[in-house]
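Okay, thanks for making time, everyone. I'd like to walk you through one structure, so have a look at it first and then I'll start talking.

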Amino acid sequence: THDCVLIDLSSTGARIAMAEPLARGAAGYLEVAGLQIFGEAVRFVPGNGGGVNGLMFDDPLPRKAVLRVRYHAETLPEREHAALRDHVRRWVTGAA
């Protein structure tokens, strides 16, 4: 399991930044927005503190899934703010 930053996503693949990038040809899955997308690392570009992998998916993603991931990314700041507000509320009331 590796944490990564999703840079770009299409129906056939993705670009991800990782502290410990995958070797070319490594297989695995990307888990995002409730999806598990299987694929293979087909490209590696080294960078400061890690690098960027290009992934090619085993099966193309339906358009609906791509839009779901993009919506997940677009609404992340609001979800993080709501989670922080709830945490603070629980701490203030002594429920945390």
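**Salt bridge, core and surface**

Let's start with a charged pair: Asp86 and Arg89 make a salt bridge, and their closest N and O atoms sit 3.2 Å apart. Before I go on, keep in mind that this is a predicted model. If you search the whole structure, you get one salt bridge, so that's the one I've just described, Asp86 with Arg89. Both residues belong to helix 2, and because they are three residues apart there, about one helical turn separates them. As for accessibility, Asp86 comes out at 31%, so we call Asp86 partly exposed.

Staying on helix 2, which runs over residues 76–93, we also find Leu84. Is Leu84 buried or exposed? Its relative accessibility is 52%, so Leu84 counts as exposed. Leu84 also has company: together with Val88, Trp91 and Val92 it makes a nonpolar surface patch of about 460 Å².

Now, the inside. In general, nonpolar side chains in soluble globular proteins tend to be buried together. Here, the largest nonpolar core has 16 residues. Which of them have the most contacts inside that core? Those are Leu9, Leu30, Val32, Ile37, Phe57, Leu61 and Val69. The elements giving two or more residues to the core are strand 2 (13–18), strand 3, strand 4, strand 5 (50–57) and helix 1 (63–74).

Take Leu61 from that list. If you skip the neighbours within four places in sequence, Leu61 is in contact with Leu9, Ser10, Ser11, Ile37 and Val66.

Next up is Leu35, in strand 4. With a relative accessibility of 15%, Leu35 counts as buried, since the cut-off is under 20%. What does Leu35 touch, again leaving out neighbours within four places in sequence? The contacts are Leu30, Ala65, Arg68 and Val69. For Val69, the C-alpha to C-alpha distance to Leu35 is 8.5 Å, although the two are 34 residues apart in sequence.

Strand 4 also holds Val45. Val45 has 36% relative accessibility, so this one is partly exposed. Outside the four-place window in sequence, Val45 is in contact with Gly51 and Val52. Val45 and Ala17, meanwhile, are 28 residues apart in sequence, with their C-alpha atoms 9.3 Å apart in space.

Let me do the backbone oddity now. Which sign does phi take at Ala33, positive or negative? It's positive, near 50 degrees, and Ala33 is of course a residue other than glycine. You'll find Ala33 in the loop between strand 3 (27–32) and strand 4 (35–47). Its relative accessible area is 18%, so Ala33 is buried.

Last item, the aromatics. We usually describe a pair of rings by the distance of the centres and the angle of the planes. The structure holds one aromatic pair. That pair is Tyr29 with Phe38: the ring centres are 5.4 Å apart and the planes are at 45 degrees, so the pair is tilted. How exposed are the two partners, then? Tyr29 has a relative accessible area of 46%, which makes it partly exposed, and Phe38, at 45%, is partly exposed too.

That's my tour, and I'm happy to take questions.

Notes: Residues are numbered from 1 along each chain as its sequence is written. This is a predicted model: local features need pLDDT of at least 70, side-chain atom pairs count only at pLDDT 80 or more; totals for chains, interfaces and linings use all residues. Side-chain values use heavy atoms; hydrogens and water are left out. Patches are made of residues with over 30% relative accessible area and no salt bridge: like charges are joined within 9 Å, nonpolar side chains (Val, Leu, Ile, Met, Phe, Trp, Tyr) within 5 Å. Accessible areas come from the Shrake-Rupley method with a 1.4 Å probe; for residues, only the protein chains shown count as cover. A salt bridge is a side-chain nitrogen of Lys or Arg within 4 Å of a carboxyl oxygen of Asp or Glu. Helices (H or I, at least four residues) and strands (E, at least two) are DSSP runs, numbered from the N terminus. Buried means under 20% relative accessible area, exposed over 50%, partly exposed in between (1.4 Å probe, protein chains only). Rings of Phe, Tyr and Trp (its six-membered ring) pair if their centres lie within 6.5 Å; planes under 30 degrees apart count as stacked, over 60 as edge-to-face and the rest as tilted. Contact means heavy atoms within 4.5 Å. A nonpolar core is a set of buried Ala, Val, Leu, Ile, Met, Phe, Trp, Tyr and Cys residues joined through side-chain atoms within 4.5 Å.
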